Structure formats: structure tokens, C-alpha cells
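Colleague: Mind walking me through this one before I set anything up? I'd like to go through it piece by piece.

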Amino acid sequence: MKRISASILAFLLAILGVFKVHAQSPETIWLTGGVTTFKTGETVLVTLNASSSTLIQGFTFQIRYDPACLRPVNASSPVPGMNGLPLPQLTGLVDGSYASITPQTVNGVLAEVRFTTLKGCQTSLTLESAALAIRNAEGFAAPLPGVFIGERNIALNIDSEVGVSDSTQQGSGSILPLDPPAAERGFSGWIIGMLIILLFGGVGFGAYKVFRIGG
Amino acid sequence: MKPKRLIQIFVVIMLVLSTLGGSQPALASSNSSAHSDAMVINRNLNLWDATYFGFVNSSIHEKWHFDFTESHNFVVTVSPITGGFIPLLILLDVNGIEIARGTGSLTSTQPAGSYSIQVQPESGGGFYLLTLREVVQSLPAVSTVVSPSSVNVGESAVATVSLNNVPAEGYTSAEFTCTYDASLVEVSNILVANLFGADPATAIQDPQNGSFIVAIAGSNGNKATTSGVVFTFNVKALQAGQTVIECKVRVNNGNNILTDLPSIGSSLTINGVAPTLTPIASPTPTGPTPVESPTSTLPPVESPTPTITVPPLESPTPTLTFTPVASPTSTPLPNGTLTGQVIASKPVTVGLYDAGNLLITSATANPDGTFSLTAPAGTYTVRATASGFLSAQGSAILTGGSTTTKPTIALLAGDIDNNNVIDQFDAMTIGMSYNTAVPAAADLNNDGIINVLDLEILAQNYRDTGPSVWE
């Protein structure tokens with residue numbers, strides 16, 4: 001009887017142990033967005049959230065977007081002491097990184113990212129990668145292992161009708177300007193425009209010469 | 001009497017009346033900051049560099065009104081004509097709130113708006129000459145302008161930080177240290193403008209204990225070459241009082257040395273009138289987990305004072321480590337020499353590896369990056385490494401009795417954690433170690449401190465991967 005009781009007790013302890021581990025809620029990062037339907041020119045706000053029982057000293061995230069439909073405006077972190085490191089951006093990818101000189105607790109909003117809608121589109125935002133960072137023994141930033149990335153995608157429905165542009169209200173904290181390099185955005189259009197102008201100018205000049213000689 | 005004489009008398013009478021304020025309405029004033037029982041005569045100040053006459057004593061003060069359509073850095077000078085008279089100047093905003101004061105002269109920078117200078121005796125009294133002059137800055141400087149200059153408790157002002165008289169060669173980076181009275185105001189929403197070109201690299205040490213640091217570096221070769229706004233921030237009034245808000249700057253003109261520039265601050269006056277409280281716009285958590293209070297669990301802030309711990313430099317003299325290769329034949333191959341130059345701001349190690357990736361020999365390059373390696377004739381892989389830099393790698397064929405020279409190569413800085421890619425974690429290491437000296441690999445320019453200069457270097461090579469190809 002004693003052996004059976006001990007076995008039951010061991011079984012119960014094992015079960016409780018499993019439940020306890022499960023209840024610790026592992027480090028998680030996920031993306032949320034409130035409204036998903038927008039008009040052209042309106043501001044899309046998405047929020048990067050995290051739940052972590054480990055103190056962190058930095059985080060990074062990369063959000064893929066369609067540059068034909070959306071233009072990134074900025075990102076900000078409400079976590080006190082998290083300083084923005086606005087590194088060079090790529091078109092189509094919001095690349096945000098923050099670091100703090102002291103360990104911070106994060107349970108909730110890590111960062112808010114704003115986009116402006118450009119035209120009517122069915123598009124989505126995808127959290128391509130994200131990581132929480134700690135400072136390792138050598139003093140280097142290192143990813144916190146075992147971070148689970150939850151919701152990654154936010155589908156957006158953008159109407160071509162022009163809406164009222166929202167005021168870019170920013171939270172406190174360090175702001176990241178997220179515009180990709182200008183050269184990548186407008187250079188080809190500028191060249192095409194110049195070629196069209198030159199073409200029309202040449203045709204016009206040719207016509208003028210022909211008519212002038214004819215007259 | 002001749003008409004000419006009549007005109008002369010008329011002009012003299014008008015001048016006398018002017019000094020007594022005869023053409024201006026005289027109004028008793030009792031504003032809060034410059035309160036006195038004296039009668040205050042309102043006068044207008046319309047011209048730069050013009051000289052105005054005035055008269056004050058213990059019972060008559062004069063208030064000169066002027067308007068700015070844009071921000072100006074100016075000096076008002078009052079020169080007494082009467083002996084024993086020491087004038088006191090009080091700069092007031094449109095509501096009559098004191099902004100600044102000075103004896104004999106007053107220098108200030110104010111944004112567009114209506115202002116007045118009240119002149120009253122600090123001692124004595126009598127006639128004086130008043131002049132308003134623009135301060136022409138011929139030297140580079142940083143200015144901080146707060147607009148409006150007077151707010152009520154709970155209201156906010158915007159501070160604009162500008163670099164003035166930027167030299168033609170420009171600045172590749174700058175580090176601003178801003179100070180304010182944290183018991184009176186709260187700083188938020190630091191927004192960096194594009195004076196350093198599009199897409200600058202920025203590190204912001206958030207406001208703590210009345211100061212914050214904004215470090216900005218131009219990326220892709222961009223730099224600040226014109227005067228203009230560098231960044232702005234919001235200042236929210238917490239309680240009544242007056243605080244000077246000033247941002248000092250250290251700039252780098254490309255020589256990797258931070259140089260101090262003169263700075264001009266601004267004063268913000270906070271009136272005790274508390275308007276209806278508006279709740280602070282806090283970020284609304286949209287996730288399933290509520291936001292915890294950020295202040296309750298914060299560990300103590302590390303000391304901002306950098307503790308410079310420069311690791312001992314390796315010997316500049318190349319130390320050769322020669323390991324003879326086990327030759328398959330009994331006759332050893334004659335030695336060949338490999339020379340070249342590797343550019344980096346840190347000590348560089350150059351090594352020769354055989355086909356099995358076994359280190360044959362290595363040497364620390366001289367301070368100028370030149371190196372010389374000797375090994376038996378053969379084909380090797382040559383690899384150059386430096387702490388915090390992407391390594392460079394290529395092939396080298398050594399011929400017995402002769403010297404082979406590799407082309408000069410510059411290592412790319414930023415691979416702080418030595419994982420062969422310059423990425424976000426390298427940047428975060430700089431952010432986590434700001435104003436300290438460790439880890440030494442993050443001190444990319446080897447100046448003993450991790451700061452904006454290192455971030456600037458990293459930003460230039462961001463996303464590069466190694467090893468670099470050494471032709």
C-alpha cells in the first residue's frame with residue numbers, strides 16, 4: 001500500500017512539475033494591429049509585444065512590408081531606457097533595434113511601428129524575425145535563447161479612397177526614423193521622367209524645324 | 001524768425017518729448033515677474049542696430065516692445081548717459097513673464113514672437129542709450145531654442161537644437177548632451193531631423209536625472225555640411241519655476257576626434273497656474289499582456305561616467321611564430337616571404353594557413369599595418385584579423401627565395417561579436433555599452449571609449465559579411 005501511495009505521489013508531483021513549467025509562459029514576441037481596414041493616406045499602427053521573465057538589454061525586429069502599398073514612418077519604444085539604434089534601412093523591410101545600458105523588464109508593448117498607406121491594396125505586414133537580447137558574459141549583445149515568435153502576420157485592406165491623414169502621435173521613448181534611402185525610392189522614376197521630357201523636347205524641336213523649313 | 005530756425009526748434013522739442021515717452025501711452029504695469037510700484041512707460045523698438053534714448057528712475061520704468069518673425073540670437077545694450085546710473089534689463093514674453101535679465105546688457109536667443117525689454121535702475125537713474133543688435137555668429141556653435149518660452153504647469157514647449165555656422169568640410173557625427181531641471185520639466189519625443197543626411201545612425205540615451213544624450217552619425221558618407229535643425233524634443237512643465245535648457249555638443253569633422261563647440265541655451269519659465277490636467281498619452285497595449293509599470297522594477301542606473309579601461313596594446317613589433325611544415329620529402333623547401341599592408345584602427349594579426357586550415361605562421365602587423373611573413377614555399381590561405389573587424393582572406397603563393405606582396409586591404413569595422421556579419425547585435429553591443437570601454441571590441445576606433453564614433457563606423461558597414469576577399 002505504501003509503495004502504491006508513493007507511486008501516486010510521485011506521479012502527481014511529476015504532473016504538477018509539468019504544469020508548473022507550462023505556466024511559466026516562455027519568452028514570446030508577437031505582432032498585433034488594431035484596425036485592419038484603411039483608406040489611402042491613413043496611418044497604420046502595429047505593435048510589437050513581448051512577454052519575458054528574463055531581464056533584457058535590447059531587442060530587434062524586422063517587419064516585411066510592400067513598399068508599393070505602405071511607407072514606413074517611424075518606430076518608437078515606450079520601454080524607458082531603450083535607446084533607438086536607427087541603422088540603415090532597406091526598402092520593404094523595417095529594421096528596428098533598441099538597446100539599454102541597464103537590464104529592463106519587458107511585459108507588454110516593445111515598440112510601435114507606423115506606416116502610411118499609399119494606395120488601394122490587399123497587403124500584409126509580416127514579422128520576419130525578432131529577438132530579445134541580453135548582454136553576455138563577454139559584454140556582447142546576444143539573442144535570448146528560446147524566444148517563441150507568436151502572431152507574425154497582419155492582413156491589411158487598404159481602400160483607394162483617400163482618407164483623412166492621421167496626426168502622427170508618437171509615444172514617449174526613442175524614435176526610429178524608418179525611411180529607406182531616397183536613392184532607392186525615386187531614382188528610376190526621375191530618370192524615366194527626364195527621358196520623357198527629352199523625347200518630347202526632341203520631337204517638338206524636330207517638328208519645329210520641319211515646319212520652319214517647309215514654310 | 002526764419003522758417004529753418006522754427007523747424008530746428010520743433011525737432012528739438014520732439015526729441016525731448018520722445019525721451020520722456022510723450023508720444024507713447026503711459027500705462028501702469030504690475031506684471032508678476034517685474035513687479036514694482038513704478039510707472040511703466042511702453043515704447044516700441046522697431047529697428048536693429050538703432051540707438052534709442054530713454055529715461056528711467058525709481059518711479060519711472062520703460063518697457064520696449066519688439067516682435068520677431070523668426071528666431072534670433074540678440075543682445076540688448078543699455079549705456080547710461082547719467083553718472084551713477086546702473087541699468088537693469090528684464091526680457092519679458094508677450095504675457096509679461098520674465099525670460100531673462102541682465103545688468104547693462106542682455107543676450108538671449110528667442111523664437112518668433114512678441115517680447116519686451118523692461119529697463120529700470122538697479123541703482124541711480126537717468127538717461128540712457130538702448131541698442132538691439134543681432135549676435136552674428138561667425139564660429140560654429142550649437143543653439144537650443146525653446147518655444148514658447150513660457151508655459152503653465154502641465155503644458156508643453158518644443159525645444160529645437162540647431163548647429164550654426166557649420167564649416168564647409170562639415171561634421172560626420174556629433175554627440176549632444178542636453179541638460180534641464182528634472183524637477184521642473186520632463187523631456188520626451190526626441191526627434192532627429194535630416195541635417196546629417198538621410199538615414200543617419202543615431203543613439204539616444206533616454207532622459208534621466210536631468211540630462212540625455214543624442215548621438216548622430218551620417219551614414220553612407222553623409223555628413224552635416226550646412227547649418228540647421230539637428231533634433232527637437234518636447235518639454236513638459238511639471239511645476240512652477242524657471243529652468244535653463246541647454247544642449248552642448250561635441251562634433252567630429254572626420255578626423256575621429258570629438259571637439260567641443262560653444263553652446264547657447266534657452267530659459268523656460270513655468271507659471272504656477274495649473275490648467276485642467278490632461279492625462280499623459282501612454283501607449284495603449286494592444287497585446288494580451290498588460291504593460292507593467294516601467295519604473296517599479298528598474299535596476300539602479302549605471303554611472304554615466306565612463307570608466308576607461310584600455311586594454312594593453314599588443315607589441316607593435318611583429319613577432320613571428322614559425323612552425324616548420326612537415327615536408328613529405330627529405331629536402332626542405334626554401335622559404336618565401338609574404339608582405340603587405342592591412343589597414344585597421346586596431347592591432348592586426350596576419351596568419352598563413354595550409355590546405356588543412358592549420359596555422360603555419362602568424363605575425364602582428366606594425367602600427368601602420370605593414371607585415372612580413374616567412375614560410376616554406378607553397379600555396380597558403382592568408383587571413384588578417386582584428387578585434388571588432390570582419391576578417392579578410394585570400395590565397396598566397398610563396399616562392400622560395402623571393403618576396404610576394406599582397407595588395408593593401410582595409411578591414412571593415414563593426415563585427416564586434418566576431419560572427420562574420422555586421423548586424424543588429426553588434427549595434428546593440430554599442431548601445432548597451434555606451435560611454436564605457438568594454439567590451440574592447442566595440443571600441444571600433446580604438447579611442448578608449450564606446451560612443452557615437454563607433455556607431456558611425458558600424459553604420460557604414462552595416463549588413464556586410466565576412467571574410468572580405470583579399471585578392
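Modeller: Sure, here's a round of questions and answers on it, bearing in mind that this is a predicted model.

Colleague: Let's start with chain A, then: over which residues does pLDDT fall below 50 with zero contacts beyond near neighbours in sequence?

Modeller: On average chain A does okay, with a pLDDT of 81 and 75% of the residues scoring at least 70. There are weak spots, though: residues 184-188 of chain A stay under 50, and the model has three contacts for them beyond four places in sequence. Where pLDDT is low, the predicted coordinates shouldn't be read in detail. The stretch below 50 with zero contacts beyond near neighbours in sequence is residues 12-24 of chain A.

Colleague: And what share of the contacts in chain A with a separation of 6 or more comes from residues 24 or more positions apart?

Modeller: Chain A has two helices and 13 strands, and 44% of its 215 residues are buried. About 10,900 Å² of chain A is exposed, with carbon and sulfur atoms supplying 66% of that. As for contacts with a separation of 6 or more, the share from residues 24 or more positions apart is 82%.

Colleague: On to chain B. In the open sheet of four strands there, which strands stand at the edges?

Modeller: The order in that sheet is β3-β10-β5-β8, and the pairing is antiparallel. A strand at the edge has a single partner, so one of its sides is left without a neighbour in the sheet. From one strand to the next the twist averages 25°. The edge strands of chain B are β3 (51-56) and β8 (105-110).

Colleague: Which residue in β8(B) stands opposite B:N73?

Modeller: Strand β5 of chain B covers residues 72-80, and six bridges join it to β8(B). Those two strands run antiparallel. Opposite B:N73 you'll find B:T109.

Colleague: Is B:L91 buried or exposed?

Modeller: B:L91 belongs to strand β6 (residues 86-92) of chain B. Leaving out residues up to four places away in sequence, B:L91 touches a list of residues including B:F66, B:F74, B:I97, B:L106, B:Y115 and B:I117. B:Y115 is 24 residues away along the chain, yet the two C-alpha atoms are separated by 7.2 Å. With a relative accessibility of 0%, B:L91 counts as buried.

Colleague: There's an acidic side chain I'm curious about: which residue's side chain makes a polar contact of 2.6 Å with that of B:E246?

Modeller: B:E246 is in strand β19 (residues 241-252) of chain B, and its 18% relative accessibility makes it buried, given that the cut-off is under 20%. Among the residues B:E246 touches are B:T144, B:T177, B:C178 and B:I264. The partner in the 2.6 Å side-chain contact is B:S263.

Colleague: How many residues of helix α2 of chain B are buried?

Modeller: The cover over the buried residues of α2(B) includes β4 (56-64), β7 (93-104), β9 (121-135) and β10 (141-143) of chain A, along with β33 (413-415) and α3 (452-460) of chain B. Helix α2(B) is largely enclosed by the rest of the structure, because its buried residues number nine of the nine.

Colleague: Which residue caps the N-terminal end of α2(B)?

Modeller: The helix covers residues 424-432. A side-chain oxygen of the capping residue lies 3.2 Å from the backbone nitrogen of B:F425. That residue is B:D423.

Colleague: Now the backbone oddities: where is B:P439, which has a cis peptide bond before it?

Modeller: One cis bond runs from B:S147 to B:P148, with omega near -10°, and B:P148 lies in the loop between β11 (141-147) and β12 (150-152) of chain B. The bond from B:V438 to B:P439 is cis too, with omega near 0°. B:P439 sits in the loop between α2 and α3 of chain B.

Colleague: Last one: is B:N418 buried or exposed?

Modeller: B:N418 isn't a glycine, but its phi is positive, near 60°. Another such residue is B:N165, with a phi of about 55°; B:N165 is partly exposed at 27% relative accessible area. B:N418 lies in the loop between β33 and α2 of chain B. At 62% relative accessibility, B:N418 counts as exposed.

Technical notes
Residues are numbered from 1 along each chain as its sequence is written. Chains are lettered from A and ligands numbered from 1 in the order in which they are written. This is a predicted model: local features need pLDDT of at least 70, side-chain atom pairs count only at pLDDT 80 or more; totals for chains, interfaces and linings use all residues. Side-chain values use heavy atoms; hydrogens and water are left out. Two strands pair if DSSP finds at least two bridges between them. Axes are lines fitted to C-alpha atoms, for helices over the stretch in contact, and angles run from 0 to 180 degrees between N-to-C directions. Buried means under 20% relative accessible area, exposed over 50%, partly exposed in between (1.4 Å probe, protein chains only). Contact means heavy atoms within 4.5 Å. Accessible areas come from the Shrake-Rupley method with a 1.4 Å probe; for residues, only the protein chains shown count as cover. A polar contact is a pair of N or O atoms within 3.5 Å; within protein, one must be able to donate a hydrogen and the other to accept it, and residues adjacent in sequence count only if both atoms are side-chain atoms. pLDDT is the predictor's confidence in each residue, from 0 to 100.
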